[in-house]
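Me: I am new to this structure. Please give me a close look at a single part, one sheet, and follow what leads on from there.

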Amino acid sequence: MSDVKAAFIGAGGNAHGHMERFAAVEGATIAAICDINEARAGEVAAEFGAEAYTDHHPMLDELDLDAVYVSVPPFAHTDAEILAAEKGCAVFVEKPVCLEMSKGLEILEAIESNGVLSSVGFQLRLLDPVNRAKAWLADKTVGMVSSHRWGGLPGTAWWRVMEQSGGQLVEQTIHQIDAIRYVTGDEVEEVYAQYALRTMQDVEGLTIPDTQAVLFKFKSGALGTISTSPMLTKGGGKGDIVFLLRDQVFELGFGGNKLAPETDEWLCADPEPTPNIDEVFVDAIRTQNQSLIPCSYREGLMSVDVVLAANKSAQSGKPDGSSAAQDGRT
Ligand SMILES: NC(=O)c1ccc[n+]([C@@H]2O[C@H](COP(=O)([O-])OP(=O)(O)OC[C@H]3O[C@@H](n4cnc5c(N)ncnc54)[C@H](O)[C@@H]3O)[C@@H](O)[C@H]2O)c1
């Protein structure tokens, strides 16, 4: 018997992974799939035995749903989350949850005033090494954090367009920002960013920077730097989050943490398996327990706030405050 029915808005690569995991949970059913690309909607709906839609309005009007997933490109968040929340559905929204704070705050208000569960796809929060890092750092003073995300250029056309994706920091490297916020429990108070287009001028349709350097000041007084680039189109790269403490360097690794000089065996132990984020979402719906979900919409929006502040700083050439942290919206 099906007791949790969901619809999906956006049926791209990422949504498909959620669909597979969601549909594998006993009692969870995908009732409908909506994508503005009619062929894609039809093909994926047929795969999951669901109804196909190309507009989420009739879908949300006609169906009785428990949950709605929204996995569309960053610029395409409009009213889907709001309408779903007004219908009392739990919402799962992919990161980055918006490209404008005003839109994100409108969605947040709909979620919170309707008292519905919310989840954002920051799955790193479920990883054992991340949670071990959080526990280990809890009683320590971080001086600095340094992070890199150097990799290749995704094939998706919207990803290369600044107005559609927000650039790599917003679209991808927000995972690192969110993980740093989560493990330290600290908030970014001020951001200073410089962006450049250095090597990828020849890539057709590309309007994002290929070189982004960001300096953060946290509420605690700790400092952080992130550099991110998609210019390694032939493979290779670097992805890390390293914390500098008095007499110790702590490297958060998604496959296991490293500490130098090594003093705590458990930091390097084999990680426990990662819980399935969609199974966690279904459990939270069944028990109506938001605390099972690692990242609420509010928390996901706070990470967006930081990366959008970086974009504003890069544009103005001046430091920018991260308003979520300043308003104490925790
Ligand atoms: N959490 C993660 O690790 C993770 C991984 C990959 C992608 N994502 C996020 O998932 C989102 C989607 O990424 P993707 O890689 O699946 O992109 P994609 O381009 O493969 O798919 C997006 C789909 O949304 C559809 N779409 C666009 N506007 C729509 C609308 N208004 N209504 C319905 N459908 C619409 C498109 O036609 C397309 O099929 C992005 O925000 C991305 O950052 C998250």
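Reply: Helices (H or I, at least four residues) and strands (E, at least two) are DSSP runs, numbered from the N terminus. Residues are numbered from 1 along each chain as its sequence is written. The model is predicted: local features need pLDDT of at least 70, side-chain atom pairs count only at pLDDT 80 or more, and totals for chains, interfaces and linings use all residues.

Start with the sheet of mixed pairing. Eight strands form this open sheet, in the order E13-E12-E11-E7-E10-E9-E8-E14. Two strands pair if DSSP finds at least two bridges between them. Strand E13 (258–260) and strand E14 (320–321) are the edge strands, and each pairs on one side only.

Now take E7 (residues 142–150). Strand E11 (residues 238–245) runs antiparallel to E7, and eight bridges join the two. Trp-150 has Lys-238 as its bridge partner in E11. Strand E10 (residues 223–229) runs parallel to E7, with seven bridges between them. In E10, Leu-223 stands opposite Met-144. So E7 has both kinds of pairing, as strands of a sheet pair through backbone hydrogen bonds, either parallel or antiparallel.

Go to the E14 edge. Strand E8 (residues 188–196) pairs with E14 in the antiparallel sense, over two bridges. Glu-190 stands opposite Gly-321 there.

Next, the helices on this sheet. Contact means that the C-beta atoms of two residues, placed from the backbone, lie within 7 Å. Axes are lines fitted to C-alpha atoms, for helices over the stretch in contact, and angles run from 0 to 180 degrees between N-to-C directions. Helix H9 (174–184) touches E7, E10, E11 and E12, and its direction makes about 155 degrees with that of E7. Helix H11 (residues 297–316) lies across E8, E9 (211–218) and E14, at about 50 degrees to E8.

Which elements do the buried residues of helix H6 pack against? They pack against H9 and strand E12 (248–252). A residue is buried if 20 or more other C-beta atoms lie within 10 Å of its own, exposed if 12 or fewer, and partly exposed in between; the C-beta atoms are placed from the backbone. In H6 (residues 128–137), the buried ones are Pro-129, Val-130, Arg-132 and Ala-133. Seen down the axis of H6, they fall within an arc of 160 degrees, so they line one face of the helix. The arc is that of the directions from the helix axis to the C-beta atoms.

Two loops beside these strands deserve a look. Most residues other than glycine have a negative phi, and most peptide bonds are trans. Asp-247 sits in the loop between E11 and E12. Its phi is positive, near 65 degrees. Asp-247 counts as exposed because it has 8 C-beta neighbours inside 10 Å. The other loop lies between E13 and H10 and holds Pro-261. A cis peptide bond joins Ala-260 to Pro-261, with omega about -10 degrees.

That loop leads on to helix H10 (residues 277–287), whose buried residues are Ile-277, Asp-278, Phe-281, Val-282, Ala-284 and Ile-285. These residues fall within an arc of 160 degrees seen down the axis of H10, so they too line one face. Among the elements that cover them are E1 (4–9), E2 (28–34) and E4 (67–70).

H10 brings us to another sheet. Six strands form this open sheet in the order E3-E2-E1-E4-E5-E6, and the pairing is parallel. Strand E3 (51–53) and E6 stand at the edges, each with a single partner strand, so one side of each has no neighbour in the sheet. Neighbouring strands are turned by 20 degrees against each other on average, direction ignored. H10 lies across E1, E2, E4, E5 and E6, running at about 130 degrees to E1. H11 packs on this sheet as well, touching E5 and E6, and its direction makes about 35 degrees with that of E6.

End between H10 and H11, in the loop that holds Gln-288. Gln-288 is not a glycine, yet its phi is positive, about 50 degrees. With 11 C-beta neighbours inside 10 Å, Gln-288 counts as exposed.
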